[in-house]
Amino acid sequence: MKRRLALLTLCLGIAACQSNNPYVASSAPIPAAPPSAANTLDMSAYPAPARDYGRYRNWTWLNGQLPPGTAWADSAQVAQAVSEGLDQRGLRPSSNPQTADLRVTVNTRMETRIRQERDDYYDPYSGGAGLGYGGYRHGYGSGYGGYASVPIVRTYQVQVVVVQISLFDGHSGQPVWSASAETGSGGDQSDRAKALRQAVQQALTHYPPS
């Protein structure tokens, strides 16, 4: 009897599997592409090509304007320091500013920096064990004549000069490269001129980028 019931259940299951599936596969057609799609290239889908810095051979000032001067260094000093720095990297002033490969801007500004210095001050009254009387360690008992290091941190403000150099493509106007460096603001005019040249050289150290 049980075998007949099991056989009947199996037959009913097979019959149910052979019944029609109420779900019918269907798909909507893909809409046609707009007429302009064949002539439009989406550049955002591609990585930007590597910039060829070797094609930049000459330069001129952006908009034909010399860099602005400050109370620390006048415009002519800044222009000369930058021109010398670019020359050392194979970039020459363009004989025709209209067709220059690069256009250059320089910004020189004063900024404040926070500096800290640590001094180790030796306190003879701190109770540390050191040299005793007569220069012998532990003379007359440990601690006589002892010294201990007490750190003292001094915080102060200094004025620095920040030199920022920016290069732009002479034809497209797009930014090509930018860097900055800073130097101390003290000294006489000769010291300032030397510090300015050093800051420019430091800013141009990584041009062209590798």
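**A friendly look at a predicted chain**

Biologist: Which residues does Ser166 touch, not counting residues up to four places away in sequence?
Modeller: Keep in mind that this is a predicted model. Ser166 is found in strand β4, residues 148-169. Leaving out residues up to four places away in sequence, Ser166 touches Arg103, Val104, Thr105, Trp177 and Ser178.

Biologist: Is Ser166 buried or exposed?
Modeller: The relative accessibility of Ser166 is 13%. The cut-off for a buried residue is under 20%. Ser166 falls below that cut-off, so Ser166 counts as buried.

Biologist: What is the length of the polar contact that joins the side chains of Ser166 and Ser178?
Modeller: Ser178 lies in strand β5, residues 175-184, while Ser166 is in strand β4. A pair of N or O atoms has to be within 3.5 Å for a polar contact. The side chains of Ser166 and Ser178 are joined by one of 3.2 Å.

Biologist: Which residue has a backbone oxygen that lies 3.4 Å from a polar atom of the side chain of Ser178?
Modeller: Let us start with the neighbours of Ser178. Leaving aside those within four places in sequence, Ser178 is in contact with Gln164, Ile165 and Ser166. One of these has its backbone oxygen 3.4 Å from a polar atom of the Ser178 side chain, and that residue is Ile165.

Biologist: How does Ser178 count at 40% relative accessibility: buried, exposed or partly exposed?
Modeller: Buried means under 20% relative accessible area and exposed means over 50%. The value for Ser178 is 40%, in between, so Ser178 counts as partly exposed.

Biologist: What is the relative accessibility of Leu167?
Modeller: Leu167 is found in strand β4. Not counting residues up to four places away in sequence, Leu167 touches Leu102, Arg103, Val104, Gln174, Pro175, Val176, Trp177 and Tyr207. Leu167 counts as buried because its relative accessibility is 1%.

Biologist: Which residue has its backbone nitrogen 2.9 Å from a polar atom of the side chain of Asp169?
Modeller: Asp169 is found in strand β4 and counts as buried, at 3% relative accessibility. Neighbours within four places in sequence aside, Asp169 is in contact with Arg51, Arg55, Tyr56, Asp101, Gln174 and Val176. The backbone nitrogen that lies 2.9 Å from a polar atom of the Asp169 side chain belongs to Ser172.

Biologist: With the side chain of which residue does the side chain of Arg109 make a polar contact?
Modeller: Arg109 lies in strand β3, residues 102-123. Arg109 is partly exposed, with a relative accessible area of 28%. Apart from residues up to four places away in sequence, Arg109 touches Val160, Val161, Val162 and Gln164. The polar contact of the Arg109 side chain, at 2.6 Å, is with the side chain of Glu111.

Biologist: Are α2 and α3 parallel, perpendicular or oblique to each other?
Modeller: Two packed helices are described by the angle between their axes and the distance between the axes. The axes of α2 (residues 75-87) and α3 (residues 189-203) come within 9 Å and cross at roughly 40°. Angles under 35 degrees count as roughly parallel and 65 to 115 as roughly perpendicular. The crossing angle of α2 and α3 fits neither range, which means that the helices are oblique.

Biologist: How do the residues of the contact of α2 with α3 divide into nonpolar, polar and charged?
Modeller: On the α2 side, the contact is made by Gln77, Val78, Ala81, Val82, Glu84 and Gly85. On the α3 side, Gln189, Ala193, Leu196, Arg197, Val200 and Gln201 take part. The residues of this contact divide into six nonpolar, four polar and two charged.

Biologist: Which residue has a positive phi of about 60° although it is not a glycine?
Modeller: Most residues other than glycine have a negative phi, and most peptide bonds are trans. The residue with a positive phi of about 60° sits in the loop between β1 (58-61) and α2. Its relative accessible area of 64% makes it exposed. The residue is Asn63.

Biologist: Is the peptide bond from Tyr207 to Pro208 cis or trans?
Modeller: Pro208 lies in the segment after α3. The bond from Tyr207 to Pro208 has omega near -10°, and this peptide bond is cis.

Methods
Residues are numbered from 1 along each chain as its sequence is written. This is a predicted model: local features need pLDDT of at least 70, side-chain atom pairs count only at pLDDT 80 or more; totals for chains, interfaces and linings use all residues. Side-chain values use heavy atoms; hydrogens and water are left out. Axes are lines fitted to C-alpha atoms, for helices over the stretch in contact, and angles run from 0 to 180 degrees between N-to-C directions. Helices (H or I, at least four residues) and strands (E, at least two) are DSSP runs, numbered from the N terminus. Angles under 35 degrees count as roughly parallel, over 145 as roughly antiparallel, 65 to 115 as roughly perpendicular and the rest as oblique. Contact means heavy atoms within 4.5 Å. Ala, Val, Leu, Ile, Met, Phe, Trp, Tyr, Cys and Pro count as nonpolar, Asp, Glu, Lys and Arg as charged, and the others, Gly among them, as polar. Buried means under 20% relative accessible area, exposed over 50%, partly exposed in between (1.4 Å probe, protein chains only). A polar contact is a pair of N or O atoms within 3.5 Å; within protein, one must be able to donate a hydrogen and the other to accept it, and residues adjacent in sequence count only if both atoms are side-chain atoms.
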